[in-house]
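Me: Before I rely on any label attached to this structure, I would like to see each one set against the criterion behind it. Could you take me through the reasoning step by step?

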Amino acid sequence: MCIRALVFGRDDHQCWTHYMKSSETDDPSGRDEDDPLQALIGLQLRSLYDSVLAEPIPDRLTELLAKLDDIPAPTKSGDDTSGAGSL
Amino acid sequence: MNAREELISNIPNLRAFAVSLSGNPERADDLVQEALMKAWANIDMFEVGTNMRAWLFTILRNVYYSEFRKKRREVEDADGKMAAQLASHPEQFGHLDMADFRDALNELAPDQREALILVGASGFSYDEAAEICDCAVGTVKSRVNRARARLAELLSVQSSSEFGPDTQSRAILSSAKS
């Protein structure tokens with residue numbers, strides 16, 4: 001594949017392909033196991049996403065949700081959030 | 001779990017989606033806040049028993065496209081800040097660290113980026129992602145494929161001079177096994 005050749009160079013490609021073949025059953029992303037760069041992209045994407053998932057919820061959001069209790073039962077006319085923004 | 005508790009339980013996922021979508025943590029929390037307000041105001045439109053996460057993602061996405069893209073220039077100006085923040089705790093992928101990946105992700109067309117995130121990170125099926133993006137399943141698949149191809153291209157160019165197969169393959173291998 002041209003991308004792999006770009007990344008690793010022709011000489012390294014053989015070695016790389018061989019290396020990945022021995023490990024592809026361990027690839028958690030499943031469908032991209034035949035392409036190491038795609039496997040890496042999948043890992044990076046989830047890593048970035050999970051790093052945010054693991055963060056504590058910012059105070060401003062917990063405070064906002066605490067105040068939701070004080071908001072009267074919502075109605076369909078409550079679609080206008082400009083007023084609610086002043087909470 | 002009542003609606004409010006369910007909203008709370010979905011905040012981490014909404015934030016992760018918002019950060020991935022906007023590329024900016026502060027903007028992301030504005031997005032989440034706006035989405036939560038809208039969701040709460042329209043909670044009676046949510047059908048109990050259906051997928052609240054998908055419903056919330058749809059709302060957040062609509063907020064992003066209706067309001068936040070107008071501020072695109074500001075977001076772009078803040079990209080350097082985002083990269084710097086991420087670089088302070090890089091993942092161990094050799095030189096291809098999280099800041100490089102973030103940069104590449106930001107290069108993608110927004111529709112491709114969101115499709116990739118929904119399917120590749122948020123854990124939605126193609127069907128669910130299609131519903132969230134209000135498009136056909138085939139369109140989502142095509143966007144995901146184009147996003148992957150474009151990322152591969154960008155990351156290859158970025159790292160062609162420093163991306164050594166020895167350290168890199170070990171990094172992938174150890175990550176894949178962990």
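**The largest pocket and other labels**

Reply: The largest pocket is lined by Met45(B), Phe46(B), Glu47(B), Thr50(B), Asn51(B), Ala54(B), Trp55(B), Thr58(B), Glu128(B), Glu131(B) and Ile132(B). Two elements of chain B, α4 (52–66) and α9 (126–133), each give two or more residues to that lining, and the space in the pocket comes to about 250 Å³. Please keep in mind that this is a predicted model.

Me: What makes a residue count as lining the largest pocket?

Reply: A lining residue has an atom within 4 Å of a point of the pocket, and Trp55(B) and Glu128(B) are among those listed for the largest pocket.

Me: How do you know that Cys133(B) and Cys135(B) do not form a disulfide?

Reply: A disulfide requires two cysteine sulfur atoms within 2.5 Å. The cysteine sulfur closest to that of Cys133(B) belongs to Cys135(B) and lies 5.0 Å away, which is too far for a bond; taken from the other side, Cys135(B) likewise has its closest cysteine sulfur in Cys133(B), at 5.0 Å, and therefore no bond is assigned. The search of the whole structure, over all chains, finds 0 disulfides.

Me: Why is Cys133(B) called buried, while Cys135(B) is called partly exposed?

Reply: The label buried applies under 20% relative accessible area, and partly exposed covers the range from there up to the 50% above which a residue is exposed. Cys133(B) has a relative accessible area of 5%, so Cys133(B) is buried, whereas Cys135(B) has 21% and is therefore partly exposed.

Me: Why is Thr139(B) called partly exposed?

Reply: Thr139(B), which is found in helix α10 (residues 137–159) of chain B, has a relative accessible area of 27%, and so falls in the partly exposed class. Its C-alpha is 9.5 Å from that of Tyr126(B), and the two residues are 13 apart in sequence.

Me: How do you know that the buried residues of α3(A) are on the same side of the helix?

Reply: In helix α3 (residues 59–68) of chain A, the buried residues are Leu61(A), Leu64(A), Leu65(A) and Leu68(A). They cover an arc of only 95° around the axis, and therefore they are on the same side of α3(A).

Me: Which elements do the buried residues of α3(A) pack against?

Reply: They pack against α1 (3–9), α2 (11–22) and α3 (25–41) of chain B. Chain A itself has 4 helices and 0 strands, and buried residues make up 38% of its 87 residues.

Terms used
Residues are numbered from 1 along each chain as its sequence is written. Chains are lettered from A and ligands numbered from 1 in the order in which they are written. This is a predicted model: local features need pLDDT of at least 70, side-chain atom pairs count only at pLDDT 80 or more; totals for chains, interfaces and linings use all residues. Side-chain values use heavy atoms; hydrogens and water are left out. Buried means under 20% relative accessible area, exposed over 50%, partly exposed in between (1.4 Å probe, protein chains only). The arc is that of the directions from the helix axis to the C-beta atoms. Contact means heavy atoms within 4.5 Å. On a 1 Å grid over the protein atoms alone, a cavity is a set of points where a 1.4 Å probe fits but cannot get out, and a pocket is an open set with protein on both sides within 12 Å along at least five of seven lines; lining residues have an atom within 4 Å of a point. Grid points are joined across faces, edges and corners, and a volume is the space filled by probe spheres set on the points.
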